Structure formats: C-alpha cells, structure tokens
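I opened the notebook to work through one model, topic by topic. These entries keep what I looked up.

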Amino acid sequence: MSTAPESPMKILVYSDDANTRAQIRMAIGRRPAADLPTVEYVEVATQPAVVARLDEGGIDVVVVDGEAQPAGGLGVCRQAKDEVYDCPPVLAIIARRDDGWLATWSRADAVVSLPLDPMALAVAVADLMRWRAGDRLPAL
C-alpha cells in the first residue's frame, strides 16, 4: 500500500534543446521516489516562458539547463530567485565542474553535472520535492 500523496507535483524543465528536456524527463521518471507523488512536467524553451510560467504559480521544482541558449539556465535561476515570491527550489545542470561557482552565484538549490546520471538527478529532484512539500509559504 502506497503512502505517497495523491496530487501530482509539477516540475518545470527549462532548456532550448528538446532532446535535453527529454533526457531530464526520462531520468527523473514519473515518480522519483516511492514516498513522493507522481510528477507532471511543464516544459519551456525560452526565458520569457520560464518567467511567465513561474508567475502563474503551481510549480514545485524547477530544473534548468545551464547550457541553454540564448539565456543560460544559471541566469534564469538567478532571476527567478530575485523576482519570484516563494520561488520553487531550482536544480541546475552544468556541463563543467568549474561552473560550480556560477551555480552558487545563481543560488541554485542543487546542482548536477553532465553527462546526466539518472540516479543522481532523480535523487536530487526527490530531495527538492520533499523540501518543497514542507516549505511552502502562504499565498499572498
């Protein structure tokens, strides 16, 4: 018998590359951990779409591609952390280990490096989902 909550959590995936978004979805899967609800994905390919979707609310976790063009995921993360009330936790995917300082600057809550390790990504997202479930601020 499952004890996972019933309502799905929404994960926003930002990358200009549809293949990268598909890799991220496949790595996380429909339920990254048995104690968590299923996942619904919201895919966006541009920085304005990220801003618009976050402004709508209802997103639980954001995954950004640090290599996205023309607006990199780390800059998008920084903007979200600066501008979005009760910003959901953000996981940044970086291509180079040396980009760790940029991820820190962006205020990403978690970082995973390329090439994607599906287990590492799923564990990191599951941790952020648990954190979000227990850390929501009241609506204004």
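The entries below go from the annotated range to cores, helix packing, one annotated site and some backbone details.

**Entry 1. Model and range.**
I am working with a predicted model. I checked the UniProt record first. The unreviewed entry lists "domain: Response regulatory" for residues 10-129. I then looked at the secondary structure over that range. Residues 10-129 are 42% helix and 21% strand. The C-alpha atoms at the two ends of the range are 9 Å apart.

**Entry 2. Ahead of the first strand.**
I looked up Ser7, which sits in the segment before strand S1 (9-14). Is Ser7 buried or exposed? Its relative accessible area is 53%, so Ser7 counts as exposed, the cut-off being over 50%. I also took a distance to Asp98. Ser7 and Asp98 are 91 residues apart in sequence, and their C-alpha atoms are 38 Å apart in space.

**Entry 3. Nonpolar cores.**
Which residues have the most contacts inside the largest nonpolar core? I found Ile11, Ile24, Val63, Leu91, Leu121, Val125 and Met129, in a core of 22 residues. At least two residues of this core come from each of S1, helix H1 (18-28), strand S3 (61-65), strand S4 (90-94), strand S5 (110-113) and helix H5 (118-134). H5 gives the largest share, with 6 residues.

I followed Val63 further. Leaving out residues up to four places away in sequence, Val63 touches Ile11, Leu12, Val13 and Tyr14. The list for Val63 also includes Ile24, Ile28, Leu91, Ile93 and Val125. Another core of 21 residues lies apart from the largest one. Among its members are Val50, Ala68, Cys87 and Val90.

**Entry 4. H1 against H5.**
I turned to two helices that supply the largest core. The axes of H1 and H5 are 8 Å apart, and the packing angle is about 75 degrees. That angle falls within 65 to 115 degrees, so H1 and H5 are roughly perpendicular to each other. On the H1 side I noted Ile24, Ala27 and Ile28. They meet Pro118, Leu121, Ala122 and Val125 in H5.

**Entry 5. H2 against H3.**
I repeated the check for helix H2 (residues 47-56) and helix H3 (residues 73-83). Their axes come within 11 Å and cross at roughly 30 degrees. H2 is therefore roughly parallel to H3, since angles under 35 degrees count that way. The crossing of H2 and H3 is right-handed. Which residues make the contact between H2 and H3? Gln47, Val50, Val51 and Leu54 of H2 meet Val76, Gln79 and Ala80 of H3. I had already listed Val50 in the 21-residue core.

**Entry 6. Asp65 and Gly72.**
I went back to the record for a site. UniProt, in an unreviewed entry, places "modified residue: 4-aspartylphosphate" at Asp65. Asp65 is found in strand S3. With a relative accessible area of 5%, Asp65 is buried. What does Asp65 touch, not counting residues up to four places away in sequence? I found Tyr14, Ser15, Asp16, Thr20, Gly72, Gly73 and Ile93.

I picked Gly72 from that list. Gly72 is in the loop between S3 and H3. Its relative accessible area is 24%, and Gly72 is partly exposed. Setting aside neighbours within four places in sequence, Gly72 is in contact with Tyr14, Asp65 and Gly66. Tyr14 thus turns up for Gly72 and for Asp65. I also checked Thr46. Gly72 and Thr46 are 26 residues apart along the chain, with 9.5 Å between their C-alpha atoms.

**Entry 7. Cis peptide bonds.**
I scanned omega. The bond from Gln69 to Pro70 is cis, with omega near -5 degrees. Pro70 is in the loop between S3 and H3. The bond from Leu114 to Pro115 is also cis, with omega near -5 degrees. Pro115 lies in the loop between S5 and H5.

**Entry 8. Positive phi.**
I scanned phi next. Asp86 is not a glycine, yet its phi is positive, near 55 degrees. Asp86 is in the loop between H3 and S4. At 17% relative accessibility, Asp86 counts as buried. Arg107 is not a glycine either, and its phi is positive at about 70 degrees. Arg107 is in the loop between helix H4 (100-106) and S5. Its relative accessible area is 34%, and Arg107 is partly exposed.

Conventions: Residues are numbered from 1 along each chain as its sequence is written. This is a predicted model: local features need pLDDT of at least 70, side-chain atom pairs count only at pLDDT 80 or more; totals for chains, interfaces and linings use all residues. Side-chain values use heavy atoms; hydrogens and water are left out. UniProt positions are given in the numbering used here, feature names are shortened, and annotations may be inferred rather than shown by experiment. Helices (H or I, at least four residues) and strands (E, at least two) are DSSP runs, numbered from the N terminus. Buried means under 20% relative accessible area, exposed over 50%, partly exposed in between (1.4 Å probe, protein chains only). A nonpolar core is a set of buried Ala, Val, Leu, Ile, Met, Phe, Trp, Tyr and Cys residues joined through side-chain atoms within 4.5 Å. Contact means heavy atoms within 4.5 Å. Axes are lines fitted to C-alpha atoms, for helices over the stretch in contact, and angles run from 0 to 180 degrees between N-to-C directions. Angles under 35 degrees count as roughly parallel, over 145 as roughly antiparallel, 65 to 115 as roughly perpendicular and the rest as oblique. A crossing is left-handed if the near helix is turned anticlockwise from the far one by less than a right angle, and right-handed if clockwise.
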